[in-house]
Every structure is written in structure tokens, then in C-alpha cells.
Amino acid sequence: MARRSTSFVCQSCGAVTSKWTGRCESCGEWNTIVEEQSGGGVGGGPAKTKATKGRVVPLVGLQGDTKEAPRIQSRIAELDRVTGGGFVRGSALLVGGDPGIGKSTLLIQAAAAFARLGHRAVYISGEEAIGQVRLRAERLGLADAPVALAAETSVEDILATLQDGEPPALLILDSIQTLWTDQADSPPGTVTQVRASAQAMVRYAKKHGTTLVLVGHVTKDGQIAGPRVVEHMVDAVLYFEGDGAHQYRILRSVKNRFGATDEIGVFEMTGSGLAEVANPSALFLGERSNNSPGAAVFAGLEGSRPLLIEVQALVAPSPLGTPRRAVIGWDSARLSMILAVLEARCGVRFSQHDVYLNVAGGLKINEPGADLAVAAALVSSLSGLALPANCVYFGEVSLSGAIRPVAQAQSRLKEALKLGFDKAFCPQGNLKDRGKSDFAATGLEELGEFIAKISAKAGSGREA
Ligand code: TYD
Ligand code: MG
């Protein structure tokens, strides 16, 4: 008889300890340790004592006649872009996102697109009843697509169901947290169950050449709930982002074994499901007012895709001893750094002023290349003079005040040109990337030089 051992598993990081504690020693989270039985041998160590004889597997060389990983395209261009040109057969993907962001909507649309192209698509819902999924499909106008649908949470039952008929080209499991397997003793949603269920399903996918899509919940701090180990088990991790106040949604790849990471697809949530947004820059620049001080357009890059985003700053005299700094959509430490560089290297003072910085459209910029646009917006707001409306800014600012080149300047400038901009301030080192001659790009080496230039253009403006 196999000995049942009890272990205590942190539900946040997956660390295993032999005794219960209030705080996980590994990740520091409180109240996340749960007692789990580890009897079944999955993820819980060697509990079974009966030794089974191993099967002999053939060892092969690296070179062989394996075909180039064949992909299946959904023909939803934004989705295919994020997956790196279509779903790879036999791969497993994890799609994470806040509740209500549109994961189920996106995946039922993908399943329908696959089915309509003649591939077998199976959608298994563990969260919603069949009626609810049907209702959604009807609303999206997809009810006639030949998607095979089931509401099921048991891994064994799902695998048995998939045994008959040809293996599906696309299998969607919504969500991984609701699945459970007999192989593990803990309740659904715990680390052990999630890990064991994901393992079983990934094994099925690899064996049968099925593309497996797992939906994962996201915790309050934005990570996929449950063990990070699931992220290691799958070939690609996609996050579906966006906020309630805006209609657009961004599908971002944070890991992809078969394509570029940090690739994004942009969608818009409409009354009839998610619509592709082919030109996101136009969306983010949408309601731009041309001549208000404090607005600068940043020519940014998301993955391989250029994106124009408006950076807005408001600098106002502060009644407080310690002025306020508030940032939405950018790193606040980065803002402090830019303010410090402006003060120390360019003599522009903000110490008596509140500073508010906002990235229009609710987008979050992670790129240091936005430094120059932020500096331009700050100086423009402080001086009260608007920047020219037809100009874009990009470049990284170092602590010395030097302006450093950024990647892919050419595609940034091309995007700006496409949207009707004809001037740019960019790092000197990026000037050679300017392909078109009718684009008036100004190369910069120092932040001080830049401030002098935009102040001269705007009129006066430099405060001591
Ligand atoms: P859903 O796909 O259920 O989110 P998730 O699976 O990520 O939890 O999306 C639910 C939200 O999307 C819900 O708030 C309503 C909205 N929605 C639309 O605006 N239009 C639509 O056509 C659909 C199907 C949903
Ligand atoms: Mg859902």
C-alpha cells in the first residue's frame, strides 16, 4: 500500500513545505499555504512503490526529415500575428487575463474561425453551461460554425471523449483552474490539480498534434493564478489586457517558443464580439486636440509593431511642501529620473510644481524610448506653449543627459509618416535610419540641446 504523504503547498508560488505556516517563506505571501495530499504520483513525488518497466524509446539525431512546424491560421489577422503566424500543431498555449476582459469571446471566435476553415475545433467550457456558450455564439453570429462543444471539468472524461473521432486541430479548455483529475487528490483550482491537469492535457496535445489553448485566471496583481509551472509547461503565454473604461483590448505574447515575444494584437470589444483593429495608432491618437500645451506624440514600438501614442503632462504650481507626482501608464520611477535630469542637466525646475503624467487611451508604455516624448511634454506644459502638432518624439535619456539611440527607428518614422506627421526629434544615432528624405528629422545628442530647440520653436519658455 502506497503511503499517503501530506505536504503543504503555497498557492501563490507553488513552493512545497512539510509544515503549515501563515506566511510562505519562498514568496512572502500570507495565508496561501494549503494542505495537499500527494498520493497519486503527479507532482507530489514518488508515492507509488510498484516499479514499472520502462519502454525503450529511439534516440535520434538533430537532423532529420521533420517538417517545419506546420501552422494553422485562424485568418483572424491580429490573433495570427501574436501567435507568430498561426497556431503550431501540437503546441500548448496559455491565455491569461482579468475576468470579463473577453477571453471566452476571443476563443469562441477563434474556434468558429477554425471550424469554418474545415478544421476540427473542440471547445470545452468548465465555467459556463452549454446554454450560456450557445447564447454567446448566437450573439456573435457564430452559431452555424461546426464547433464541437461540451461543458466538462474532469480531465479523464475529456480525454475519453476525445478518443473517438479524429483528434481535433484546436482544443480550447476554458479554464484550467476548473479542471480536475483523479491523479491528484486535492480540490480543483489548487496548485497540484492545475499542474496535474495541465500536464495530462499537454501530453495529449503533443501526442496527437492538437493545438491546445488553456485559459488561465489572473490574480489581483496580474499574474496567471496558480503555479507559474504551467507557464513553463506551455509553448506560449498570451495575456489579454485592457481596462474597463476603454473598448480596445490588447493580446500580448510574453512567451512564445515559435515566434517573437512582446508581439501584440489589438482588438476592439463591440456589440458583436471582438473586432480587429488594423491601425491602432489611429485609435490611440483618436481624439487629439492639436494645440494644447503638454501633449507630445511618442513614436513607440510594441513587439515588431510601431505605435503612435500621445503623452500628456500637466505641470502646475504646487501649494504643498512636497509637490505631487502622479503617473498613469508609465513608470513613476522613470518620471522622477527625467525630472531630475531636466533639473540637474538643463536647469529646468519642477520643485515648486505638481506634475501629472498620463498616457492617452489607457495604454501602458514600458519602453525607455519614451523618455524624450515625456521630457517634451513636461517642458511644454511648464512653459505653457504647445508643441508643433505634426511632430513625433522618441529617444532614451541617460542620467548624464545624453540621448541614446533606440531600436527600429525606421519603422517608427514610417508609421509617423503614414499618419500624417512630417517632423521628428530623435537620437543623433538614429538619423541614419531615416529612409525618406521628405521627413524632417532632427538628430539630438543632449537633452539640453533639445530643450533649447523646442523652447526656441515654441517661442520662449525656459524657466530658471
Ligand atoms: P468574456 O469573454 O466572457 O470574458 P472572460 O472570459 O475573459 O471572463 O467577456 C465578457 C465581457 O465582454 C462582458 O462584460 C460583455 C462583453 N461583451 C461585449 O461587449 N460584446 C460581445 O459581443 C460579447 C460576447 C461580450
Ligand atoms: Mg470566460
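The legends below describe close-up views of a predicted model.

Residues are numbered from 1 along each chain as its sequence is written, while chains are lettered from A and ligands numbered from 1 in the order in which they are written. Because the model is predicted, local features need pLDDT of at least 70 and side-chain atom pairs count only at pLDDT 80 or more, whereas totals for chains, interfaces and linings use all residues; side-chain values use heavy atoms, with hydrogens and water left out.

**View 1. The shell of residues around ligand 1.**
Ligand 1 is surrounded by 16 residues, and the closest are Gly100, Lys103, Ser104, Thr105 and Gly273. A residue belongs to this shell if one of its heavy atoms lies within 4 Å of the ligand. By type, the shell divides into 4 nonpolar, 8 polar and 4 charged residues. Here Ala, Val, Leu, Ile, Met, Phe, Trp, Tyr, Cys and Pro count as nonpolar, Asp, Glu, Lys and Arg as charged, and the others, Gly among them, as polar.

**View 2. Polar atoms next to ligand 1, and its cover.**
The side chain of Ser104 has an N or O atom 2.6 Å from an oxygen atom of ligand 1. A polar backbone atom of Ile101 is 3.4 Å from an oxygen atom of the ligand. On Arg139, a polar side-chain atom lies 3.2 Å from a nitrogen atom of ligand 1. A polar contact is a pair of N or O atoms within 3.5 Å; within protein, one must be able to donate a hydrogen and the other to accept it, and residues adjacent in sequence count only if both atoms are side-chain atoms. Ligand 1 taken alone exposes 560 Å², of which the protein buries 73%. Accessible areas come from the Shrake-Rupley method with a 1.4 Å probe, and for residues only the protein chains shown count as cover. Two or more residues of the shell come from each of α2 (103-116), α3 (130-139) and β13 (264-270). The largest share, 3 residues, is that of α2. Helices (H or I, at least four residues) and strands (E, at least two) are DSSP runs, numbered from the N terminus.

**View 3. Cys10 and Cys24, a cysteine pair without a bond.**
Why is there no bond between Cys24 and Cys10? The sulfur of Cys24 is 3.7 Å from that of Cys10, its closest cysteine sulfur, and this is too far for a bond. A disulfide is a pair of cysteine sulfur atoms within 2.5 Å, and a search of the whole structure finds 0 of them. Cys10 is buried at 0% relative accessible area, and Cys24 is buried at 3%. Buried means under 20% relative accessible area, exposed over 50%, and partly exposed in between (1.4 Å probe, protein chains only).

**View 4. Salt bridges between separate parts of the chain.**
A salt bridge is a side-chain nitrogen of Lys or Arg within 4 Å of a carboxyl oxygen of Asp or Glu. By this rule there are 14 salt bridges. Side chains of opposite charge can pair when their charged atoms come close. In the bridge between Lys206 and Asp235, the closest N and O atoms are 2.7 Å apart. Lys206 is in helix α5 (residues 191-208) and Asp235 in the loop between α6 (229-233) and β11 (236-241), 29 residues apart. Lys206 is partly exposed at 43%, whereas Asp235 is buried at 3%. Arg412 and Glu367 form another salt bridge, at 2.7 Å from N to O. Arg412 lies in helix α10 (residues 409-418) and Glu367 in the loop between β18 (353-359) and α9 (371-383), so this pair ties together parts 45 residues apart in sequence. Both Arg412 and Glu367 are buried.

**View 5. A salt bridge within helix α10.**
Lys418 and Glu415 form a salt bridge whose closest N and O atoms are 3.3 Å apart. Both residues lie in helix α10, 3 residues apart, which is about one turn of the helix. Lys418 is exposed at 60% relative accessibility, but Glu415 is buried at 7%.

**View 6. Backbone angles at Ser175, Arg75 and Gln408.**
Most residues other than glycine have a negative phi, and most peptide bonds are trans. The peptide bond from Asp174 to Ser175 is cis, with omega near 5°. Ser175 lies in the loop between β9 (170-174) and α5. Arg75 has a positive phi, near 65°, and is exposed at 61%. Gln408 also has a positive phi, of about 55°, and is partly exposed at 42%.
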